[in-house]
Amino acid sequence: MHRTVVHLNDADPTKIQTVLQNLTNLYTALGPDLRVELVAHGPGIAVATEPAGELLTGLLESGLQLCVCQNTLTARGLTPDRIHPQATVVPSGVAQLVIRQSEGWSYLHP
């Protein structure tokens with residue numbers, strides 16, 4: 001099984017689409033033996049607060065776990081009901097990245 005944690009801290013729509021396309025390509029290449037967490041913090045939480053596009057919807061259906069930083073939500077005055085319903089709130093986005101890497105997950109920051 002391949003386990004990959006992907007770091008997103010950029011709100012630029014082109015960057016978000018590029019990250020989602022990279023993930024689509026990753027799922028195509030590695031198939032069902034792939035587990036991916038997309039960790040969004042800072043401006044990157046736009047991926048979970050903006051209307052979900054087809055790429056994100058398809059990735060979530062493929063098993064993508066979308067993790068959103070509680071620290072960012074707090075700093076921006078957002079409540080969990082303002083994010084994508086399939087997103088998981090983690091206490092700290094950067095800590096989630098460190099935890100996954102210490103567990104042996106591959107790290108991507110496209």
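**Exercise 1. Classify the ends of a salt bridge**

Task: Glu103 has 38% relative accessibility; decide whether Glu103 is buried, partly exposed or exposed. Then do the classification for Arg100, at 14%.

Solution. Keep in mind that you're working with a predicted model.

Step 1. You need the cut-offs: buried is under 20% relative accessible area, exposed is over 50%, and partly exposed lies in between.

Step 2. Glu103 counts as partly exposed because its relative accessibility is 38%.

Step 3. Arg100 sits at 14%, so Arg100 counts as buried.

Step 4. Now link the two: Arg100 and Glu103 form a salt bridge, and their closest N and O atoms are 2.6 Å apart.

**Exercise 2. Follow the charges**

Task: Find how many salt bridges a search of the whole structure turns up, and work out which residues are joined into one network.

Solution. Start with the general idea: side chains of opposite charge can pair when their charged atoms come close.

Step 1. The search of the whole structure gives two salt bridges.

Step 2. One of them pairs Glu37 with Arg100, with 2.6 Å between the closest N and O atoms. Glu37 belongs to strand 2 (residues 34-40) and Arg100 to helix 5 (residues 93-102), so this pair ties together parts that are 63 residues apart in sequence. Both Glu37 and Arg100 are buried.

Step 3. Arg100 also forms a salt bridge with Glu103. Through shared partners, Glu37, Arg100 and Glu103 end up in one network.

**Exercise 3. Walk across the strands**

Task: Starting from strand 1, work out which strands pair with which, and in what sense.

Solution. Take the strands pair by pair.

Step 1. Strand 1 and strand 2 run parallel and are joined by seven bridges. As an example, Arg3 has Arg35 in strand 2 as its bridge partner.

Step 2. Strand 2 also pairs with strand 3 in the parallel sense, over four bridges. Here Ala40 stands opposite Val68 in strand 3.

Step 3. Strand 3 goes on to pair with strand 4, again in the parallel sense, over three bridges. Look for Cys69, whose bridge partner in strand 4 is Val90.

Step 4. Check how covered these strands are. Strand 1 is largely enclosed by the rest of the structure, because five of its seven residues are buried. Strand 3 (residues 65-69) is mostly covered too, with four of its five residues buried.

**Exercise 4. Look around single residues**

Task: For Thr4, Ala40, Ile45 and Ser92, say where each residue lies and whether it is buried or exposed.

Solution. Go one residue at a time, and leave out sequence neighbours up to four places away when you list contacts.

Step 1. Thr4 is part of strand 1 (residues 2-8). With a relative accessible area of 5%, Thr4 is buried. Its contacts include Leu26, Glu37, Trp105 and Leu108.

Step 2. Ala40 is in strand 2, and its relative accessible area of 0% makes it buried. Ala40 touches residues including Leu8, Ile45 and Cys67. Ala40 and Cys67 are 27 residues apart along the chain, yet 6.1 Å separates their C-alpha atoms.

Step 3. Ile45 sits in the loop between strand 2 and helix 2. At 2% relative accessible area, Ile45 is buried. Among its contacts are Ala40, Thr72 and Leu78. The C-alpha atoms of Ile45 and Cys67 are separated by 9.1 Å, with their positions 22 residues apart along the chain.

Step 4. Ser92 is in the loop between strand 4 (88-90) and helix 5. Its relative accessible area is 16%, so Ser92 is buried. Ser92 is in contact with Cys69 and Asn71.

**Exercise 5. Describe the largest pocket**

Task: Say how much space lies in the largest pocket, and describe its lining.

Solution. Go from the space to the residues around it.

Step 1. About 170 Å³ of space lies in the largest pocket.

Step 2. The lining has 13 residues, and those nearest the pocket's centre are Ile16, Gln17, Val47, Glu50 and Pro51.

Step 3. Helix 1 (13-30), helix 2 (46-49) and helix 3 (54-62) each give at least two residues to the lining. Helix 1 supplies the largest share, four residues.

Step 4. Sort the lining by class, and you get 10 nonpolar, two polar and one charged residues.

Methods: Residues are numbered from 1 along each chain as its sequence is written. This is a predicted model: local features need pLDDT of at least 70, side-chain atom pairs count only at pLDDT 80 or more; totals for chains, interfaces and linings use all residues. Side-chain values use heavy atoms; hydrogens and water are left out. Buried means under 20% relative accessible area, exposed over 50%, partly exposed in between (1.4 Å probe, protein chains only). Contact means heavy atoms within 4.5 Å. A salt bridge is a side-chain nitrogen of Lys or Arg within 4 Å of a carboxyl oxygen of Asp or Glu. On a 1 Å grid over the protein atoms alone, a cavity is a set of points where a 1.4 Å probe fits but cannot get out, and a pocket is an open set with protein on both sides within 12 Å along at least five of seven lines; lining residues have an atom within 4 Å of a point. Grid points are joined across faces, edges and corners, and a volume is the space filled by probe spheres set on the points. Ala, Val, Leu, Ile, Met, Phe, Trp, Tyr, Cys and Pro count as nonpolar, Asp, Glu, Lys and Arg as charged, and the others, Gly among them, as polar. Two strands pair if DSSP finds at least two bridges between them.
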